[in-house]
Amino acid sequence: MSPSLYLPLVSTTAPSPGSHFRAALAAERPLQIAGAINAYAALLAQRAGFRALYLSGAGVANHSYGIPDTGDTTLADVAIDARRIAQRVPLPLLVDIDTGWDDPARAVHELAAVGVAAVHLEDQVPAKLCGHLPGKQLVSTAAMAARIRAAVTGKPDPAFVVMARTDAASVEGVPAALARAQAYVAAGADMIFAEALRTLDDYRTFTAALTVPVLANLTEFGQTPYFTVEELRTAGVAMVLYPLGASRAAASASLDVYTALRRDGTQRNVVSKMQTRADLYDVLGYKSPQPPA
């Protein structure tokens, strides 16, 4: 489909999802962005007070399809989960679109159509790897700039955010990663996702040299230390992402329950760890029927 066919999808009088994302960024620096693998997780993040949400490509691959995050999920796979979150929870949603698949403009257009506020795409080859694993391979700066220019043509309105992620720091070094980031901004990226940086000075290098907001990804068990919000604020970081922490905790707790059920033949020893029915209904906004008098 020609980029010229990507028409605006939002009303010119109502604030767009992208506007909501930018407003959240203006209201909170750095903006804490909570990863949510489904709509219920998004409700919990909203209840905890987060102003913005994130759908991880790894989250879709791992939790919706039970496969590693190696570039096998499609735009359609991601759009299903994005739609469920965006239509249930009003917080602005940032979505991982990997390398943009075969058509970054189409990816932006279709995700904007389901209510997404922002996307990020990366400079790895299509058979991508987790950003904190060794062995990543990058496309050229020019090829990534072309991806960004294509993605920008799919924006439904100027406020929609196209964020460029660079994985170059752990492959080519921080100076090369910064040079790439500057080229990506020149190509039209609204914000920069600097993946796998190791020190606060690395972040200061990026934020001092760039005129757009910079995101720090604090994924667990990765290369970036668990910096605090205040530490990242002093380094000029605009956004802090926690992509899969809650889902990792939930997975560990689920395995404990499954193990106890098989071992003990009852849930008696683990029911105290579970969310109650009343709490579930409260999160969902559902009032349970009253028992007969």
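Me: How much space lies in the largest pocket?
Reply: Keep in mind that this is a predicted model. The lining of that pocket comes to 23 residues, with Tyr-40, Leu-44, Ala-246, Ala-250 and Ser-254 nearest its centre. As for the space in the largest pocket, it's about 690 Å³.

Me: Which element gives the most to the lining of the largest pocket?
Reply: Three elements give two or more residues each to the lining: β1 (31–35), α2 (39–48) and α11 (245–264). The top giver, with 7 residues, is α11.

Me: By class, how many residues in the lining of the largest pocket are nonpolar, polar and charged?
Reply: Take Leu-44 and Ala-246, which are among the residues nearest the pocket's centre: Leu and Ala both count as nonpolar. Going through the whole lining by class, you get 15 nonpolar, 6 polar and 2 charged residues.

Me: Why is β1 largely enclosed by the rest of the structure?
Reply: Buried here means under 20% relative accessible area. β1 is largely enclosed because, of its 5 residues, the number buried is 4.

Me: Which residue in β8 stands opposite Gln-32?
Reply: β1 pairs with β8 (residues 239–242) in the parallel sense, over 4 bridges. Look across from Gln-32 into β8 and you'll find Val-240.

Me: Which elements make a right-handed β-α-β unit?
Reply: β1 also pairs in the parallel sense with β2 (residues 52–55), over 3 bridges. In this pairing, Ala-34 stands opposite Leu-53 of β2. Add a helix to these two strands and you have the right-handed unit: β1, α2 and β2.

Notes: Residues numbered from 1 in each chain as written. Predicted model: local features only at pLDDT ≥ 70, side-chain atom pairs only at ≥ 80, totals over all residues. Heavy atoms only, no water. 1 Å grid on protein atoms, 1.4 Å probe; cavity = no way out; pocket = protein on both sides within 12 Å on 5 of 7 lines; lining within 4 Å. Points joined across faces, edges and corners; volume = space filled by probe spheres on them. Buried < 20%, exposed > 50% of the residue type's maximum accessible area, 1.4 Å probe, protein only. Pairing = 2+ DSSP bridges. Right-handed = clockwise from strand over helix to strand, strands pointing away.
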